[in-house]
Each structure stands twice: as structure tokens, then as C-alpha cells.
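This note is addressed to a colleague who is meeting the structure for the first time. Please read the points below alongside the sequence and the 3D view.

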Amino acid sequence: MRQSNFFMPTLKEAPADAVAASHKIMIRGGYIRQVTAGVYSYLPLGYRVLRKAERIIEEEMDRINVPEMIMPHLLPATLWQESGRYYKYGDEMFKLKDRHGRDSLLGPTHEETFTEIIAKNLKSYKQMPLALYQIQTKFRDENRPRFGLLRGREFVMLDGYSFAATREQLDKQFDDQKAAYKRIFKRAGVTVHPVIADSGTMGGKNSTEFQAPAAIGEDTIATNEKGTYAANLEMAKSIDTFKQEPEELKTMEKVATPGCETIDQLTEFLHVPATRIVKSILYMADDQKILVLIRADKQINEVKLGHLLDANEVREATAEELVNVTGSEKGGVGPVKADWADKVIADETVKGLYNVVVGANETGYQFQNANLDRDFKVDEFSDIRTANEGEPDPVDHLPLQFTTSIEVGHIFKLGTYYTETMGADFLDQNGKAQPVIMGSYGIGVTRMLSAAVEQNLTEHGVAWPKEIAPFTLHLIQMKMNDEDQTKLAESLETKFSEKYDVLYDDRKERAGVKFADADLVGAPIRITIGKKAADGIVEVKRPTDDKAVEISVDDLEAFVA
Ligand code: ATP
Ligand code: MG
Ligand code: MG
Ligand code: MG
């Protein structure tokens with residue numbers, strides 16, 4: 001590609017609203033341009049990077065035998081009414097009406113759409129295990145779109161869905177996807193930690209986020225030096241509170257645990273052994289109400305107690321009040337019915353179900369707002385468990401470090417919520433109808449590109465990881481009216497174009513302009529053709545090198561490879 005024909009409108013200064021380094025570089029380098037808040041055009045440079053990331057994903061999905069397809073962006077509300085999510089997804093959903101007054105939406109994620117296809121087209125256990133994916137633009141009316149591609153209102157997501165006849169099949173699919181995700185991030189040059197997390201409005205269990213440490217990250221994770229431990233801070237804290245002494249319980253932690261209908265499931269979800277929940281309080285809350293569940297004894301199945309509070313009633317309760325709550329055989333005081341707790345937890349239509357977990361002792365319980373941003377002492381984490389691989393094992397993971405990070409991917413075992421509500425059954429080996437068991441897998445592709453930049457910054461630009469670099473080789477000719485230089489540059493362009501994505505800066509620009517732009521292109525190798533072209537000498541530089549070095553053209557091939 002000749003740079004004189006390329007469209008790469010670079011800027012000396014980033015716009016004032018660009019805070020994130022990746023946002024600044026992508027604007028300054030002419031990768032993207034904002035059209036409206038959180039909505040971007042991908043100019044040729046940005047689009048090349050995006051396509052490369054997509055190609056990596058395609059290769060890795062092929063490798064685990066998951067076929068690609070594409071779903072519509074425009075979806076009928078009826079589909080989402082069927083699952084119940086139309087009412088609980090919230091303001092992030094872009095809703096619209098067509099000319100006939102029918103309610104529609106722009107897909108923020110596609111569980112329903114895939115479930116419907118399966119409901120209509122998959123009949124037998126013989127058709128499973130099956131997984132499908134798409135790389136598609138998603139729409140979410142984010143409250144605060146910001147940081148360029150990190151939080152857009154229109155963004156590209158890889159979303160995949162797996163369908164299984166048995167739990168074992170689901171487990172295998174989940175592991176395959178997790179392994180594929182690790183390869184994708186590695187090839188894209190993004191360092192990630194898989195961490196235990198909550199599943200958001202999609203519901204589900206075994207939720208694992210892929211978190212990319214970066215200064216601009218909106219999340220916080222705890223990791224250890226050995227690389228044996230990584231946790232989403234919210235999860236780590238909710239677990240940790242179980243072991244704290246009541247006096248230390250000055251904060252209340254908020255953790256969403258959708259899909260946990262019983263304490264057993266909650267226990268599994270939180271990766272806390274049952275015995276650790278003794279004397280703890282579990283809150284289920286939406287915007288108005290908080291349900292307090294209190295465990296009465298060591299039998300986890302006997303958690304049946306509830307107490308309903310208004311959110312603004314949250315306060316320290318007296319021991320007496322708590323005796324009332326804990327002492328009730330039927331479970332529940334005041335307006336709470338015996339089975340109320342189970343019902344509410346199971347009722348998926350309750351908006352924004354949250355669990356808040358605190359510790360307790362005989363004399364009192366602390367009900368306070370949590371400040372999630374407070375500092376944590378290392379010894380507060382002395383008994384949390386590994387989130388890295390498979391079943392949680394106790395690990396010697398200290399000391400922990402806390403890092404801000406970017407959620408670049410999220411995978412979880414959905415179970416049968418969607419298939420049961422939407423009637424996606426299959427006939428098992430005995431001819432019996434069973435709901436299909438689902439998993440759900442997502443990568444924020446455009447967000448991942450920003451993460452790659454955030455993790456690979458240089459003094460004046462970016463050092464793109466090789467596999468997603470817009471160009472892998474940047475040839476820069478110093479003087480366009482120098483015949484020796486032109487001859488050499490053109491011959492190198494021809495030679496290397498066979499194997500590499502070559503950008504040839506053939507513009508009649510000053511060296512300073514060319515180098516400044518090259519810092520923003522961030523190609524893994526830059527070759528400058530200058531004064532010594534006639535002698536077959538050029539200069540080479542990687543974006544992370546301090547200085548360019550001279551090299552004979554004969555040695556170039558070896559250097560580049
Ligand atoms: P976040 O917590 O950052 O809002 P999420 O948990 O709502 O993300 P998911 O529903 O898990 O997002 O979607 C899967 C992936 O899509 C996320 O892991 C993230 O990488 C990406 N993603 C989500 N929202 C955005 C957005 N507004 N802009 C860019 N990428 C996004
Ligand atoms: Mg979100
Ligand atoms: Mg999230
Ligand atoms: Mg998520």
C-alpha cells in the first residue's frame with residue numbers, strides 16, 4: 001500500500017475529550033472518527049486492525065469446530081418479551097417502533113435470537129454438542145460512553161452460544177471456548193487474567209471474565225505474583241467477607257448473582273464452601289427493596305429466612321430483631337411469607353437482582369453502604385480461592401496486587417433458562433424431551449483493540465502486536481526525488497509485499513512528519529531508506545527500540561523474519 005494513496009488523517013493534538021491513551025492514539029493516528037457519542041467510523045487504518053482481530057477469532061473458532069454465522073441487528077420486541085428480558089434489560093436497550101407501530105430493538109446481545117433458531121431447528125441429542133458464533137455490531141445505550149472504543153454505544157462483539165444435551169458436553173464446550181479465548185488474546189497481544197465474575201443480565205453460572213490490566217481500566221482485579229490467583233475484586237471481596245470478624249465488617253459488599261435460585265447454587269457460584277456461610281447474611285435487593293436472608297444453622301438447605309427492608313432502612317439491626325429473623329421456623333417476619341425468599345430469588349423478572357453479603361455475630365449485623373473503592377489489606381484476602389482453572393483450590397497466593405483492568409471477554413454456563421422459557425427442547429436417547437443446555441461466550445472485539453493499545457504504548461505512539469498491526473512493515477523513503485532511494489524502496493516494497501503487509505511512505509513530506517506518523521502506525525518493523533540507499537544501507541527500528549540502526553539490505557530479510 002502506497003501511503004500517498006492511503007487515507008490516514010493524522011492530528012498533532014488529540015481532542016480535549018480524549019482521556020484514554022488508546023483513544024488519543026486512535027484519533028491522532030486517523031484510525032477512527034467519532035460520529036456521535038460512543039459511535040465511531042473505522043477509517044482504513046482502524047478497519048485493518050479490526051479485520052485482523054476478526055481473522056484471529058475466525059481461525060481460533062475454526063480450530064475448535066465452531067462455525068460462524070450472522071444474525072440481524074434489528075430484532076422484534078416479541079423475541080425479548082418471550083425471554084422476559086425486554087422488561088428487565090433496562091435503559092441500555094435501543095428501542096424503536098416500525099411504521100406499523102411494532103416494537104423493535106437493536107440487539108445488545110443475542111441469546112434470544114440464537115435460542116429461537118435452535119428451538120426451531122434442533123430436534124435431537126444427535127445434533128449436539130453444537131456451538132455457533134458471530135462477529136457483529138452490538139448496540140447498547142451506555143450511560144457514559146467514553147474512552148473511545150473502550151465503551152461505545154455501537155461496538156463489535158464476538159458472541160458465541162453453545163448447545164448441549166448433557167452437563168458434561170457443556171463443561172467440555174466451556175473449556176474449549178476458554179482455551180480458544182486465551183489463544184485469541186495471546187495472538188492479539190493482549191495480556192489477560194481469567195477471573196470469577198458475575199453474569200450480568202444474561203444470567204448463568206461459572207461466570208469467567210477475561211480482564212486485561214491497564215491504567216485506564218474501569219474494573220479492579222486482584223492477582224498474585226505467581227500467576228496462580230486472579231479475581232474480580234467484587235467477587236474476591238464477597239468471598240472474603242465471610243471470614244472477617246464482625247468488628248471489621250464496616251462495609252457491605254454488593255455482588256450480582258443472577259441465576260442462583262438456591263443457597264447451594266449461590267455457594268457454588270461464589271466458590272465458597274458451605275461451612276463458610278455460617279452466620280452470614282445474604283441480601284437480595286432491587287432498587288426499592290432489600291431481602292435479608294439469614295442462615296440459621298450449618299445445614300445449607302435450611303436457609304429459609306427472610307426479612308424485607310426498604311433500601312433506605314439499611315442500618316445496624318439490633319440483636320433482638322435478628323433473633324426474630326433467625327428464630328423463625330417458617331422463615332421470615334413481617335410481610336415476608338415463608339417461601340417468599342425462594343420465590344423472589346427465582347423470579348427472573350425482578351430487576352437488577354443483587355446479592356449483598358456481609359458477616360455477622362451474635363450481637364449485631366452491620367448494614368452499610370459499601371464503598372467499593374476502598375483499599376484492601378493483603379491479609380483480608382488470606383482465604384480466598386483461585387479463580388484461574390477449573391474447580392477452586394486453596395492456594396498460597398499472597399501477596400496480592402490490585403490492578404485496574406479492562407473486561408475484554410466474558411464467558412458463562414447459561415444452563416436452561418433461555419431454552420426452557422423459549423421452548424428449545426430436544427429428544428434425548430430415550431425419546432424424552434429435555435431443554436437444551438446453553439453456554440454463552442463474548443469478546444468485545446473493538447474494546448480488545450483499545451486494550452491492545454493501552455498495553456503496548458510507546459513514547460509517541462503504539463507498538464502494535466504483530467498479528468493485529470495494521471501494517472507489519474513500514475517502508476519510509478526520506479527523499480522522494482532521489483532516484484537511488486526510489487529504486488531501493490520500490491524493490492523492497494515488491495519483495496516484502498509477498499510475505500508482509502507493507503505500507504510504503506512515498507509522500508513528499510518532511511522526515512519529521514513521516515516519523516511522527518510512523519509512530520502512530522506502530523508497525524512492528526520500520527525500514528528507513530535514506531542517504532545510504534546507493535550503498536545498499538538502510539535503517540531499521542522496532543517501535544520499542546530507542547534508536548534506529550543501520551543494516552545492509554542483504555541482512556534485511558533475516559532481521560525482518
Ligand atoms: P461492562 O461491564 O464493561 O459494561 P458487560 O459486562 O456489560 O461489560 P457483556 O455483556 O459481558 O459486557 O458483553 C461481552 C463483552 O462485550 C464484554 O466483556 C466487553 O468486552 C464487551 N463490551 C460490553 N459493553 C461494551 C461497550 N459498551 N463497548 C465496547 N465493548 C463492550
Ligand atoms: Mg455493561
Ligand atoms: Mg461487566
Ligand atoms: Mg460482562
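**Notes on the predicted model**

1. Sixteen residues being the full set, stated as 16 residues around ligand 1, those that come nearest are Phe-155, His-410, Gly-442, Gly-444 and Arg-447. The model in which this shell is described is a predicted one.

2. Four elements each give two or more residues to the shell around ligand 1: strand S7 (154–164), strand S17 (400–415), strand S20 (437–444) and helix H12 (445–455). The largest share, four residues, is that of S17.

3. Sorted by class, the shell around ligand 1 contains eight polar residues, five charged residues and three nonpolar residues.

4. Turning to the chain as a whole, the secondary structure consists of 15 helices and 25 strands. The chain has 561 residues, of which 44% are buried. Where contacts link residues at least 6 apart in sequence, 70% of them join residues at least 24 apart.

5. One loop position may be examined individually. Ile-70 lies in the loop between helix H2 (44–63) and strand S3 (74–76). Is Ile-70 buried or exposed? Ile-70 counts as exposed because it has 9 C-beta neighbours inside 10 Å, and a residue is exposed if that number is 12 or fewer.

6. Beyond its neighbours within four places in sequence, Ile-70 is in contact with Gln-134 and Gln-136. As for Val-538, the C-alpha to C-alpha separation from Ile-70 is 46 Å in space, and the two residues are 468 residues apart in sequence.

Methods
Residues numbered from 1 in each chain as written. Chains lettered and ligands numbered in written order. Predicted model: local features only at pLDDT ≥ 70, side-chain atom pairs only at ≥ 80, totals over all residues. Near = placed C-beta within 6 Å. Nonpolar A, V, L, I, M, F, W, Y, C, P; charged D, E, K, R; others polar. Buried ≥ 20, exposed ≤ 12 C-beta atoms within 10 Å, placed from the backbone. Contact = placed C-beta atoms within 7 Å.
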